[in-house]
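Work through the exercises below with the sequence and the coordinates open, and try each task before reading its solution.

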Amino acid sequence: MADHQLFIDGEYRDAASGETFATHDPATGEKIADVAKAGKADAVAAITAARKAFDEGPWSRTSGKERAEKLNKIAELLGAKAEKFAEMEARDGGGTIKKATFADVPGAQGAFQWFARMAEEQPEIVDLPGTAFPPSENYVKYEPHGVCTGVIPWNFPLIMAAWKIAPAIAAGNTSVIKPASFTSVTALMLGEIMQEADLPPGVVNIISGPGGTVGEELAANPMVDKTAFTGSTEVGRRIMQLASGTVKPVTLELGGKSANIVLDDADLDIAAAAVLWGTFFHGGQVCESGTRALVHRAIYDEFVSLLADRTGKIVIGNQLDFNTDIGPLVSRSQVETVERYVALGREEVGEPLVGGSRPDDLAEGLDAAAFYRPTIFVDVDNKSKIAQEEIFGPVLSVIPFETDDEAVAIANDSIYGLAGGVQSADLDRAKDIAGRMRTGTVWINDYHLISPERPFGGYKQSGIGRELSTQGYNAYRQIKHVHINPGGSRDNYMHFSALSSNI
Amino acid sequence: MRITATERASAVVERAKHSRAGRLTITIGTGCCESTAPFLYEDFWPGPDQAEVGSVSGVTVFAPDHLRRMYPDAQRVVIDVTDELAESLSIETEFGCRLVLRGADFDSAAEPQRCPAPGAPLDRRVTGELPPELSRIRMR
C-alpha cells in the first residue's frame with residue numbers, strides 16, 4: 001500500500017495497477033514516502049467520479065452560501081494543520097520552512113477563503129435591463145462548467161492545488177487535479193481535509209502520476225468541461241491541443257523571463273533588496289521571478305556592487321531551518337539544468353560576478369548536488385541565451401540601459417509577458433513604464449506579492465486567462481443568457497411577423 | 001541548431017515508438033519549471049514557428065524560431081535522459097524518466113553519480129521560528 005494514496009470519490013485508494021513511486025527530500029536524497037502512481041484507469045475513475053458528482057449533485061445545486069461554508073471550513077482545517085503541511089511542503093520540494101510557513105500554507109488558506117467570498121458575494125443571476133424585443137425580460141445566469149481538471153507544477157504544490165480546486169468548487173464545479181510527481185504529497189494530503197470538511201464524494205479528486213498518461217487524460221477526456229494548467233509553455237501548448245478535441249476552455253499560466261527595472265532615482269538600498277528577493281526567492285524556481293535586472297547606466301556600477309555584496313549574505317542550506325533563505329533545488333537534474341545555463345553564460349557573457357557553482361560549505365549530511373549558489377552575470381546582452389530562456393534557478397542577468405524607452409524595449413523583448421518590476425522614487429515615471437510593459441503584473445517598488453484578491457496571469461507566451469480575483473472566479477463559470485417573453489397578445493410574438501402569418 | 005542524442009535517450013524514444021500507435025514528434029520547448037527541454041508527444045501539431053532541426057531514432061525533432069535563432073548553424077545540443085522523477089506531459093514520463101537537454105560538451109560516460117548516498121545523518125527536525133514581521137503577512 002502506498003504511504004500516500006490517490007483521493008478519488010471521497011476515499012483514499014491505491015492505483016489500479018498497485019504501482020507506486022518514491023519521493024525524496026532533495027536536500028539529502030532521503031526517501032520520504034511511497035506515493036501511488038496513477039495510470040489512465042485511475043484518471044478515468046477520478047473524472048467519472050467528478051462527472052457523477054456534478055451531474056447527480058448535490059454539489060452543483062447547492063447555494064453559493066452553502067459552498068462558501070465548506071470552503072471556509074477547508075481553510076480553517078488547513079490552518080489547524082498548518083505546521084504539518086508546512087513541514088511536508090518543505091521536505092518534499094526543498095522550499096524553505098520559512099516560505100512554507102509564511103507563503104504556502106497561508107496562501108492556500110487565503111485562496112479557499114477568497115473563493116468562499118466569491119461564492120457568497122458574486123450574484124448567480126444578473127438582470128439585463130431594457131430590451132430590443134419588448135415586452136421581453138432578460139437576465140444572465142452564471143453556472144458552473146461541470147468537471148474542471150488541473151495539472152499543477154512542483155514549485156508551489158499546495159498553493160497551486162488551492163488555486164485550481166478553490167475557484168472550481170466555489171463556482172459549483174467538481175474538480176480533478178494532478179500534482180507534480182516531485183511534490184505530490186501535500187496535494188494528496190488535502191484529501192484528508194476534504195473528508196473532514198464533509199465535502200460530498202467526487203467533488204474533489206486528487207491523483208498523482210506521470211503527465212504522459214494522467215495529464216493527457218485530464219486534458220483530453222470528453223467528460224471534462226474545462227482544464228487549467230500551470231507550468232511550462234510547451235506543455236501549455238500540448239494541453240491546448242488535447243483540450244481542443246472537445247473545445248474545452250483552458251486557463252494557462254506558463255513561463256516567464258521577467259524584467260525588474262531599476263531607475264536612476266531609485267533608493268538603491270531598497271532596490272537591491274527588491275532585485276535579490278525578486279530573483280532568489282525559492283532559489284529562482286518561481287515563474288514570475290525577476291531574473292533580468294535592467295539597471296540605469298547612471299547607477300549601474302554602484303548598484304552592481306551592492307548586489308554582489310548582499311548576495312554573499314544569503315543563507316543557503318537546510319530548508320527546515322527558519323534561518324535558511326535558499327534550500328536545495330527540487331532535484332539534481334534541476335541543478336544540472338542551472339549548470340548548463342551557467343556554462344552558456346560563461347561562453348556568452350564571461351565569468352559571473354558572484355556564484356557560478358554548487359556551495360562547498362554545506363552542513364554535513366546535505367548533498368551539494370542538490371544546491372546551487374545565487375549567481376549573477378553582469379553586462380548581459382538581452383539577446384543572449386541566459387537572458388532569453390527561463391532557467392528556473394538562482395541565476396540573475398544584469399543588463400544596463402540608458403533611457404526609459406530603452407528599458408521598456410528590453411523588458412518587452414521576450415516571448416514571455418508574465419510579470420515585472422519597476423524600482424523608482426518617482427511613482428508617475430514608474431507607472432508610465434509599468435503601463436508600457438507587456439506583462440500581466442507589474443510591481444512598483446516591490447516584487448512577488450501575489451494575493452487571492454488580485455488577478456495573476458500572463459501576456460504573450462506566458463499564458464491565457466487569469467487566476468485569482470473575480471476574473472479567476474468567473475473563469476470557472478459559464479454565462480447563460482435567458483430571454484423571457486411574458487406572453488399576452490399575438491403582437492408580442494415576433495415569429496408571427498418574421499415568418500408567414502400562416503404559421 | 002544541431003541535435004544529437006545519447007544512446008540511452010534514443011533507447012527511450014524507441015520504447016515510446018512501441019508504446020504509442022500515433023505519429024511521434026519531439027519538440028524543444030521552453031519555460032517555467034521545465035526550462036528549455038525536449039518533449040516527446042504523440043500526434044502533435046507543430047506550430048507555425050516550429051521547424052525541423054533533426055531526428056532521434058527516426059522521430060523528427062522540431063524547435064521554435066526563437067530557439068533556432070539562439071542556437072544558430074551548427075551549435076549542438078544533446079538530448080539525454082534522466083531517471084529522476086519526471087514532470088511534463090512528455091510520453092517517457094510513463095517510463096519514470098525524462099528527456100533533458102545537455103550542452104554540446106556533454107559526455108554521458110562522465111555523468112556524475114545521480115543518487116549519492118547521504119553523509120552523516122542530519123537533524124531533520126524543524127529548527128527556529130518564523131520572524132515576527134513575516135507572521136503578519138499572508139503572501140499568495
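Helices here are DSSP runs of H or I with at least four residues, numbered from the N terminus. With that numbering, A:Pro328 falls in the loop between α10 (300-311) and α11 of chain A. The model is a predicted one.

**Exercise 1. Decide whether A:Pro328 is buried or exposed, and find which residues it touches.**

Solution. Begin with the count of neighbours: 30 other C-beta atoms lie within 10 Å of A:Pro328, and because 20 or more is the cut-off for a buried residue, A:Pro328 is buried. Next, leave aside residues up to four places away in sequence; the contacts of A:Pro328 are then A:Pro26, A:Ala27, A:Gly94, A:Gln319, A:Ala370 and A:Phe371. Finally, consider A:Arg91, which is 237 residues from A:Pro328 along the chain, although the C-alpha atoms of the two are separated by 10.0 Å.

**Exercise 2. Check the length of α11(A), and establish what its buried residues pack against.**

Solution. The helix α11(A) has 17 residues, which at 1.5 Å a residue should span 24 Å, and the C-alpha atoms at its ends are 24 Å apart, so expectation and model agree. The buried residues of this helix are A:Arg332, A:Ser333, A:Gln334, A:Val335, A:Glu336, A:Thr337, A:Val338, A:Arg340, A:Tyr341, A:Val342 and A:Gly345. Within chain A they pack against β14 (375-377), α12 and β15 (395-401), and in chain B against β6 (76-82) and β7 (98-102). After α11(A) comes A:Gly350, with a positive phi near 120°.

**Exercise 3. Work out how α4(A) and α5(A) are oriented, and then how α3(A) and α6(A) are oriented.**

Solution. Two packed helices are described by the angle between their axes and the distance between the axes. For α4 (residues 97-121) and α5 (residues 157-170) of chain A, the angle is about 10° and the axes are 9 Å apart; α4(A) and α5(A) are therefore roughly parallel. On the α4(A) side the contact includes A:Ala108, A:Phe112 and A:Phe115, and on the α5(A) side it includes A:Ile159, A:Trp163 and A:Ala166. Sorted by class, this contact holds 15 nonpolar residues, one polar residue and one charged residue.

For α3 (residues 82-93) and α6 (residues 185-196) of chain A, the angle is about 155°, and the axes are 9 Å apart; this makes α3(A) roughly antiparallel to α6(A). Here A:Phe85, A:Met88, A:Glu89 and A:Asp92 of α3(A) meet A:Val185, A:Thr186 and A:Met189 of α6(A), and the contact divides into four nonpolar, one polar and two charged residues.

**Exercise 4. Describe the secondary structure of chain B, and reconstruct the sheet that contains β1(B).**

Solution. Chain B has three helices and seven strands, which follow one another along the sequence as β-α-β-β-β-β-α-β-β-α. Of its 140 residues, 41% count as buried.

Now take the pairings one by one. Four bridges join β1(B) to β6(B) in the parallel sense, and B:Ile3 has B:Val77 of β6(B) as its bridge partner. Between β6(B) and β7(B) there are five bridges, and these two strands run antiparallel, with B:Ile79 partnered by B:Leu101 of β7(B). Together, the three strands form an open sheet of mixed pairing, in the order β1-β6-β7 (chain B). Because β1 and β7 of chain B each have a single partner strand, they stand at the edges, and one side of each is left without a neighbour in the sheet. From one strand to the next the twist averages 30°.

The last step concerns the faces. In a regular strand the side chains alternate between the two faces of the sheet. In β1 (residues 2-5) of chain B, the covered face carries B:Ile3 and B:Ala5, whereas B:Arg2 and B:Thr4 are on the uncovered one. Helix α1 (residues 7-19) of chain B lies across β1, β6 and β7 of chain B, at about 65° to β6(B).

**Exercise 5. Find how many residues each chain gives to the contact between chain A and chain B, and which element of chain A has the largest share.**

Solution. Chain A gives 64 residues and chain B gives 53 residues. On the side of chain A, the elements with two or more residues in the contact are α4, α7 (211-220), α8 (233-244), α11 (332-348) and α12 (385-388). The largest share, eight residues, belongs to α4(A). By class, the chain A side comprises 25 nonpolar, 24 polar and 15 charged residues.

Methods. Residues numbered from 1 in each chain as written. Chains lettered and ligands numbered in written order. Predicted model: local features only at pLDDT ≥ 70, side-chain atom pairs only at ≥ 80, totals over all residues. Axes fitted to C-alpha atoms, helices over the stretch in contact; angles between N-to-C directions. Parallel < 35°, antiparallel > 145°, perpendicular 65-115°, else oblique. Contact = placed C-beta atoms within 7 Å. Nonpolar A, V, L, I, M, F, W, Y, C, P; charged D, E, K, R; others polar. Buried ≥ 20, exposed ≤ 12 C-beta atoms within 10 Å, placed from the backbone. Expected span 1.5 Å × (residues − 1). Pairing = 2+ DSSP bridges.
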